[in-house]
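Here is a short tour of one protein model, meant to be read with the picture open. Take a moment to turn the view around before you start.

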Amino acid sequence: MVHEDRTIDFQELRVFAAVVRHGGITAAADAIGMSKSAVSLQVTRLERRLGARLLERSSRRMALTREGETMLPRIQSLLAEAENLMEEALQAKASPRGTVRISVSPALGGAVLEHLVPALRNRLPDISLVVVSNYEMDDLQNPAFDFAIRLGHIRDESLVANKIGAFRRILVCAPSDRAASLSSIDALNGAFLLNFSGRSTDVAWRLQRKDGSGAEITLDCNAQVAIQDFDLLLRLARLGHGIAMVPEFMVRADLARGGLVHVLPEWQSPPVDVMLAHRIGISRVSRVAAVLEEARRAVEHVLSGESSKG
């Protein structure tokens, strides 16, 4: 009896993934430089090899079958791992080179990049960096990102997420603002507040006493201004337009030179964890591993007080 060859053909996997990514055989053929008939043949061979129909094809549309939807993530994972393996092998004896794509939270990201960019320039000159800065949790299973620097708990158990530090938020205002002399936490209810939010002026600031007593309150009131941008909040605070609760690392220089005042310094937010997150296996790619290590150092510099700006 002759047994059918059950080995995996990665070219078939790549073509199938391209068809799904580009939404059809014609678009995939144009994107990867193959004829439509060759693309169709590769998909047919893969379906025959797997013993399952992956695509429903008609003259007007293409759609994944149930089997195709089930197998697509596994196929994408195999392709990503194969790419990582090949890149690791090619770069094993060479200095890290290539492009690394990262996602950062804007406030922390700006401070980290002030350390990370010169470190790459000095120690990893063959590395290029692409940075996406936003407050959304990007899909790190997407090969468009190599890793992310994120704040708070990461709930995706399919990712590697390592805590590399933490910071607190504090209350600040301009020295000319009458709120600079507040002596009671209760007085915040009547103060002009600047809230970090892109949705609402509702304030829900959690504050803990710095003395370790465990005392904690949640300030529940309305702000006069809400902006989802710490730099803009700080601009308004520096001009005397209210109290903002911002990451402490962003205002060290302002506090040192007197541009801002620490309001109610005995109170601060609970710690906010800083995480390095990436998909499994990507840290074995030499270019990513090198930038991960430099990013770790940069975050530690910022959180330890060596950042010059937020």
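Let's start with a pair of residues: L194 stands opposite V225, which sits in β11. Keep in mind that this is a predicted model.

The strands behind that pair are β8 (residues 193-196) and β11, and they pair in the parallel sense over three bridges. In general, strands of a sheet pair through backbone hydrogen bonds, either parallel or antiparallel.

Now zoom out to the whole sheet. It's an open one with five strands in the order β11-β8-β12-β7-β13, and the pairing is mixed. Which strands stand at the edges? They are β11 (225-227) and β13 (261-263); each has a single partner strand, so one side of each has no neighbour in the sheet. From one strand to the next, the twist averages 40°.

Next, follow the chain just past one of those strands. The loop between β12 (243-247) and α7 (252-257) holds F249. Is F249 buried or exposed? Its relative accessible area is 2%, and buried means under 20%, so F249 counts as buried. Leaving out residues up to four places away in sequence, F249 touches A107, L108, A111, F167, V302 and L303. L41 is another story: F249 and L41 are 57 Å apart in space, C-alpha to C-alpha, and 208 residues apart in sequence.

L41 brings us to the helices. Here are two packings that involve α1 (residues 10-22):

| Helix pair | Crossing angle | Axis distance |
|---|---|---|
| α1 and α3 (residues 36-50) | about 115° | 9 Å |
| α1 and α2 (residues 25-32) | roughly 115° | within 8 Å |

Take α3 to begin with. The angle makes α1 and α3 roughly perpendicular to each other, and α1 passes α3 in a left-handed crossing. On the α1 side, the contact uses Q11, E12, L13, V15, F16 and V19, while α3 brings V39, Q42, V43, R45, L46 and R49. Sort the residues of this contact by type and you get seven nonpolar, two polar and three charged.

Then there's α2. Helix α1 is roughly perpendicular to α2, and the crossing of these two is right-handed. Here α1 offers V15, A18, V19 and H22, and α2 answers with I25, A27, A28, A31 and I32. How do the residues of the contact of α1 with α2 divide? Eight are nonpolar, one is polar and none is charged. Look out for V15 and V19 of α1: they're listed in the contact with α3, and they turn up in the contact with α2 too.

Conventions
Residues are numbered from 1 along each chain as its sequence is written. This is a predicted model: local features need pLDDT of at least 70, side-chain atom pairs count only at pLDDT 80 or more; totals for chains, interfaces and linings use all residues. Side-chain values use heavy atoms; hydrogens and water are left out. Axes are lines fitted to C-alpha atoms, for helices over the stretch in contact, and angles run from 0 to 180 degrees between N-to-C directions. Helices (H or I, at least four residues) and strands (E, at least two) are DSSP runs, numbered from the N terminus. Angles under 35 degrees count as roughly parallel, over 145 as roughly antiparallel, 65 to 115 as roughly perpendicular and the rest as oblique. A crossing is left-handed if the near helix is turned anticlockwise from the far one by less than a right angle, and right-handed if clockwise. Contact means heavy atoms within 4.5 Å. Ala, Val, Leu, Ile, Met, Phe, Trp, Tyr, Cys and Pro count as nonpolar, Asp, Glu, Lys and Arg as charged, and the others, Gly among them, as polar. Buried means under 20% relative accessible area, exposed over 50%, partly exposed in between (1.4 Å probe, protein chains only). Two strands pair if DSSP finds at least two bridges between them.
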